[in-house]
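Work through the exercises below with the sequence and coordinates open. Each task is followed by a solution in steps.

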Amino acid sequence: MSKLCIMLPPLAPDYSGAASALFELGGMIVIHDASGCTGNYTSYDEPRWLGSAVSVYCSGLRHMDAILGNDNLLVERIKKAAESIKPKFIALLGSPVPMVIGTDFEGLATEIEYETGIPSIGLSTRGLAYYGKGANDAIIALMKKVCPKKVEESERRDGINLLGVNPLDFSKDYNAKDFVELFEKNGIKVNCCMSMNCTFEQFKDSVYSKLNVVVSQSGYDTAIFMKEKYGIPFIVGTPMAMGKIILEKVDSTKFKCQPQPSPVNKEDKIFIVGDQVMGNSLREYLVAFGCPKDNISVGILFDSSKELLEENDIVIKDEKHLRDTLKTCKYQKVVADPLVEQLIKKSDKEKIKFFSMAHVAVSSKIFWDKPVRFLSQEFCNFIREIIK
């Protein structure tokens, strides 16, 4: 029962992350379930779904199919659909029921690829892990399938890739466009924005780039894979405020971070709740604006990496852990999705100042039409409000 949510909605699961990462790449995505998980993804975890022509299908798993393991029917249905839509690849994703009956997704993908002649991947997503794991696993699996096995140094191309750009962290395409514009206005070519406003060809060619920029946790494992497989170095950071810190990381000889000084309350303890990379990046900007680093802790709701943990950070195990952490009143300021505020006791709300930063992976469609624009003067003002 450790993952039980009483007041918060269930956090975005791995199959949603996988489907989201592959959404715009021209493939055929099939979620093997009885309609519930597919409906959850398309209705609550995918801001781009309405009005989209992207091929996301449900296998329509039924009781007898689950009991008897009728995989031939699934393969035939996928084969017929693929003949009609001619996708660039096929991705078969798992859900809780196939997990229970031990469905072999890699084996099914091999059979589907043999029957269709289309590159196919099978992911045993279970609905028990968070979206970041699903997104990383999906991108890595597709890279192994369709990208070159090796890249020579002479084949390197100028430019960078942005990894971990997905609507579960950044809502629709506002932030994705802003990120690309930031780099290109400063003379840095973006070869692939993985995976929003990204084509299948850009995805395949991403392995020739000279640098990866990881903007959320859902791109971190991909960056490690690309470094080990293709020798591409990476940096970690979400572009925020005017983007000066991330630009300095990409090219320290060209840019210098010179944030405007602000009056700082050096007594307040600040707790940032959400994605690890985004939380770390917000901390960097708060420090750059004058806030003592020791005053800031990141509460990681989703996947975390030890390499990115700071001394005061907390890996949140479940809703109860988050509620108990807030109950201590150790922090005078909390930055999190608006729904997290309800976990603060009424008697403590006078002691804690709450700052809303909507996150689709937490609050779903409730706030996805009001995205945080990280590269804006409004976000600079938001930072200054936090440190007052």
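The exercises cover aromatic contacts, pockets, one helix residue and the cysteines of a predicted model.

**Exercise 1. Classify the ring pair F170 and F179, and state whether each residue is buried or exposed.**

Step 1. The distance criterion for a pair is ring centres within 6.5 Å. The centres of F170 and F179 lie 5.3 Å apart, so the two rings pair.

Step 2. Planes over 60 degrees apart count as edge-to-face. The planes of F170 and F179 stand at 85°, so this pair is edge-to-face.

Step 3. Burial requires a relative accessible area under 20%. F170 has 1% and is buried; F179 has 0% and is buried.

Step 4. For context, the aromatic pairs in the model number 11.

**Exercise 2. What does the pair of F170 and F374 tie together?**

Step 1. Take the geometry of the pair. The ring centres of F170 and F374 are 5.8 Å apart with 85° between the planes, an edge-to-face arrangement.

Step 2. Place both residues. F170 belongs to helix α8, residues 167-170, while F374 sits in the loop between α15 (360-363) and α16 (377-387).

Step 3. Combine these. The two parts are 204 residues apart in sequence, so the pair links parts that are distant by that count.

Step 4. Check the accessibility of F374: the value is 2%, which counts as buried.

Step 5. Extend to the cluster. F170, F179 and F374 belong to one aromatic cluster, together with F355, F379 and F382.

**Exercise 3. Where does R157 lie relative to the ring of Y208?**

Step 1. A charge over a ring must be within 6 Å of the ring centre and within 35 degrees of the ring normal.

Step 2. R157 is placed over the face of Y208, 4.4 Å from the ring centre.

**Exercise 4. Describe the largest pocket and the second largest pocket by volume, lining and residue class.**

Step 1. Volumes. The largest pocket has about 530 Å³, and the second largest has about 370 Å³.

Step 2. Lining of the largest pocket. There are 25 lining residues, and those nearest the centre are P9, P10, L11, A12 and P13. Helices α2 (36-45) and α15 each contribute at least two residues.

Step 3. Classes in the largest pocket. The lining holds 17 nonpolar, three polar and five charged residues.

Step 4. Lining of the second largest pocket. Here 20 residues form the lining, with E106, G122, L123, S124 and A141 nearest the centre. Two or more residues come from each of α6 (105-116), β4 (120-123) and α7 (131-146). The largest share, seven residues, is that of α7.

Step 5. Classes in the second largest pocket. The lining splits into six nonpolar, six polar and eight charged residues.

**Exercise 5. How far apart are A288 and I245 in sequence and in space?**

Step 1. A288 is part of helix α13, residues 276-288. The relative accessible area of A288 is 28%, which makes this residue partly exposed.

Step 2. A288 and I245 are 43 residues apart in sequence, with 8.6 Å from C-alpha to C-alpha.

**Exercise 6. Why is there no bond between the sulfurs of C198 and C192?**

Step 1. A disulfide needs two cysteine sulfur atoms within 2.5 Å.

Step 2. The closest cysteine sulfur to that of C198 is in C192 at 3.4 Å, which is too far for a bond. C192 is accordingly in no disulfide.

Step 3. The total for the structure is zero disulfides.

Step 4. Both residues are buried: C192 has 1% relative accessibility, and C198 has 3%.

Conventions. Residues numbered from 1 in each chain as written. Predicted model: local features only at pLDDT ≥ 70, side-chain atom pairs only at ≥ 80, totals over all residues. Heavy atoms only, no water. Phe/Tyr/Trp six-rings, centres within 6.5 Å; stacked < 30°, edge-to-face > 60°. Buried < 20%, exposed > 50% of the residue type's maximum accessible area, 1.4 Å probe, protein only. Helix = DSSP H or I, 4+ residues; strand = E, 2+ residues; numbered from the N terminus. 1 Å grid on protein atoms, 1.4 Å probe; cavity = no way out; pocket = protein on both sides within 12 Å on 5 of 7 lines; lining within 4 Å. Points joined across faces, edges and corners; volume = space filled by probe spheres on them. Nonpolar A, V, L, I, M, F, W, Y, C, P; charged D, E, K, R; others polar.
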